[in-house]
Amino acid sequence: MAQTESSPRSRSRSRSHRRKPWHRLTKHLPKILAGLIGIAVIAGGAYVLTRKSPEDHYRAGVELHQKGNLKGAAIELKNLLQSTPNNGDARLLLGRIHFAQGDMPAAEKELQKARELGVKDPQLEPLYANTLLLLNQPKRVIDEIKEQEGAGADSNAAILALRARAQLFLNDPAAADAELAQADTRSDSHPEALASRAYLALSRKDPQQALDFVEQAIAKADQRADLWIMKGDLLRTLKRNAEALPAYAKASAIDPANVPARLAIAQLHLENAALDKAEAELKVLAKYAPNNLMGRYMTAYIEFRRGRYQEADAKLQDVLRTSANFLPAHLLSGAVKLALGNREAAKQHLDKILGVAPQHPLARKLMAAALAEMGDVAEARKLLESFGDAGNDPILNAMQGELALHQGDYAQARKHLESLDKDVQLSAKQFTELAASRMGTGDQAGAIEALSKAAELDTESARPDVLLVLAHLKEKRFDAALQVVAKLDKERPNDPVVHNLRGTINISRNDKAQARGNFADALKANPVYFPAASNLALLDIMDKNVDAARARFDQLLKKAPKETRAWLALAALDAQQKNEAGYLRNLEQAQKSDAKNVQAHLLLARYWLDKRIPGKALSVAREGLDATGRPEFHEFIGLAQLQQNDPVNALAAFKRWAEASPGNPMAHYRLSQAQAMNKDRDGALKSLDQAIALRPDFVDASKSKAQLLGQMGRSREALQIARQLQSSKPKSASGFLAEAEILYSEKNYLEAGKLYVKASQVSGLGQPLANAYQAYARAGQAAEGEKLMQQWLARNPADAALRHQLALAQLNAKRLQDAADNYRILVKNNPQDVVAYNNLAWLLGELNAPDALAVAEQAYKLSPEIPGVQDTLGWILVNSNQAKRGLELLKKAFAKAPGSPDIHWHLAVGYVKAGDPANALANLELLLSKNQDFYNKQDAIKLFNQLKQGNR
């Protein structure tokens, strides 16, 4: 079957003297994040209920549960329920386990099933009510939980007390009082009622009275862990943390698997900076509830406090994978991503916080740092200025000074940074920034003084000296730069950084021979020092010795096989030399050497997209997203899904990208394309407007808007935009293409064709001539359109895309020999062009050419899984007296493309040739019943009638 062508569309710095100003924010994180943890923990108090004796058939689960092995018990019960889903007792026990683990959605599901199965357990309704309350569904408690007829007084008192709590959560304290009065008539001063009265007192802002009620409840039920947790929470509310810790410890002693108690203990240890104790508590918690959200989050927080940012990031990603809206994790992720140098990801997380709490001071400072590092210094500075006068705030002064420096506002930078000198001991980085601000205001001596202090502080880094060298080079003060390097050489003998610096100076002096010697010295000092190897390779390339450049990286990789930059450099050399196999191999090696390397994933995804192998592109892009968290991978995911003819999922991918990167015009542009493909023209128009608002000179977005307005019948607006583009961008084809599309949609084919020709002339590209051909053909002047393509190809014989279009036009016009001639040129120029090989094979088969089978075999060798290729080879085999093999290929092709009438016709003929007329007749009957047009329809009707006649 002939195929229609379609064109494709840091590491963390742990040393204090190297920290950026925002790193000082980390000292504020413990207090703020601990507060967030505290809120979540206080909201998580839970009941531990008396456990009912098990029945024999789930004894294993009960025994494990009794030993505190909740995970093992849950596995036993789930296995039981696979075979006996209506076992109510198992559902109840599994619900209790989920409740104890803090997994309230799962607990609600199991307890609801237990209720539906009619389980008669006095604790079921109170447990279910507690679960709904923790899920913040108090209305369901009122609607679904009632006193139980025949239940004991204590059970009904507990139910009424929980209903009271639900009324309180619904802001109806009067109704809560009424429910509690009823509870007291069932059982005076029931512990549950006392606990609800504590909540009522707390709602009236009387935590001391609430504590009194909880003390009374504990006096009646001192083995209820949830009451001890309430006591601990209230003591913390009263700022009596030292007393709270024993209360939580008592809860843990009563119920070792109690999640809220262990979380509260860990959080108190974190507030006291006792990281080891907190970690130990969380490890115990993980044994009982390995998937607990807060436990996993706090473990990540401990890694952050220890400066282990990669580990913290991995744990936070795991948290957010299951709880995407957990704000404390987003705040901490913002700080972690900044530490790792992933600014775009940091911004996404901080956007989540600021969307809910726009004035959150820590989130705003972190956002300013992210924006600055992304290059949006003006917006970052504006955000910080919204705080007002920095006063004595060292964080604000440091950040404002750095941002002013970025914008070249040296006077303001100096003002802010020198104010730090009076109040706090500056870091090496801040002295370096102060030096830059002094240089900017012409104070060379002050700059040198500041850089000297920076060098004194930064005993492990050469950065201040390097900056001073670069400052001298910028002014072409080579001797001064060499003096700094000489000083640095004494302090850091045989340091590759020093040799590399000296080489850089010599390159600036145009002394390549001396530079080579310097870079070679750097590699002698450290054979895996990539900057020196890269600089030598660049000199090799300048001397047109690519093999020598390649050898540099090969040699380095023998000693450091995980140096990703070297693999990427080799891939770049392969691309330059058009070595596709080497390019792919080195990109894959780069990806393997560092799974988090963004560039390796992006280049690989782009490679497979360009090859139009969307399955591999999709896989690589998803791996890249998982490994790096970078939102740009959503674009590649969406593009791959478009290649798979999956516009619905592509729309979802582009939407995620636009949400993650609201300031990226390309994200909104891609979203508009997917929306248009999904028939959402209004949505597409809105997305295009957002893209243009973000980037007014976004030509493709303006062109698409014009085309979309034309499709929506708003031709006047569409033409206005198209002609504005022609005027404002006269060297761009976009305006002419847009107007041509609009005129084409209005059936003004001749004028559209002329504009496509104009677009080709302006752009210097042949592709618009394919559109011109279509327009001229619609206007009854197909010969003129083909003449334009022929003329272009005479001048540009290597334009494969346009030659494909010409061949396809000739094929559709049933000028088979002309089309075959063009396909022969295509396969000669590119032996990997499977579309050209396949279409040539089909044409040769139709022309009864002797080499049809050989060409079809070559197409199949290139792409054996494409149904169109299977069909072509199968059809030629069937017609070459090789019906058995041909029929098998046709079956495979039809299984993959059952909607293709051409493949279906070939399959029917294949059955005839293979001596199976019954199957042939059945397939022809099915094919013709669809009432589709196809190339051999009349032949199919004739064969159907013959077979039907022979069947009688």
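Glycine 307, which comes after helix H16, has a positive phi near 80°. Helices here are DSSP runs of H or I with at least four residues, numbered from the N terminus. The model is predicted, so local features need pLDDT of at least 70 and side-chain atom pairs count only at pLDDT 80 or more, while totals for chains, interfaces and linings use all residues. Residues are numbered from 1 along each chain as its sequence is written, and side-chain values use heavy atoms, with hydrogens and water left out.

Let us stay with H16 for a moment. This helix covers residues 293-305, 13 residues in total, and spans 19 Å from its first C-alpha to its last, close to the expected 18 Å. That expected span is 1.5 Å times one less than the number of residues. Is H16 enclosed or open? H16 is largely enclosed by the rest of the structure, because ten of its 13 residues are buried. Buried means under 20% relative accessible area, exposed means over 50%, and partly exposed lies in between (1.4 Å probe, protein chains only). Among the buried residues of H16 are Tyr297, Tyr301 and Phe304. At the start of this helix, a side-chain oxygen of asparagine 292 comes to within 3.2 Å of the backbone nitrogen of methionine 294.

Two other residues with positive phi, neither of them a glycine, are set out here.

| Residue | Phi | Loop between | Relative accessible area |
|---|---|---|---|
| Asparagine 171 | near 60° | H8 (153-169) and H9 (173-186) | 69%, exposed |
| Lysine 679 | about 65° | H38 (665-677) and H39 (681-694) | 76%, exposed |

Next comes a pair of helices. Two packed helices are described by the angle between their axes and the distance between the axes. Helix H42 (residues 734-745) packs against helix H44 (residues 767-778) at an angle of about 25°, and their axes are 12 Å apart. H42 and H44 are therefore roughly parallel, a term for angles under 35 degrees. Their crossing is left-handed, meaning that the near helix is turned anticlockwise from the far one by less than a right angle. Which residues meet? From H42 come Leu737, Glu741 and Tyr744, and from H44 come Pro768, Asn771, Gln774, Ala775 and Arg778. Contact here means heavy atoms within 4.5 Å.

Finally, look at threonine 237, which is found in helix H12 (residues 225-237). Threonine 237 is partly exposed, at 42% relative accessibility. Its C-alpha lies 7.2 Å from that of proline 207, although the two residues are 30 apart in sequence.

Technical notes: Helix = DSSP H or I, 4+ residues; strand = E, 2+ residues; numbered from the N terminus. Polar contact = N/O pair within 3.5 Å; in protein donor to acceptor, adjacent residues only side chain to side chain. Axes fitted to C-alpha atoms, helices over the stretch in contact; angles between N-to-C directions. Parallel < 35°, antiparallel > 145°, perpendicular 65-115°, else oblique.
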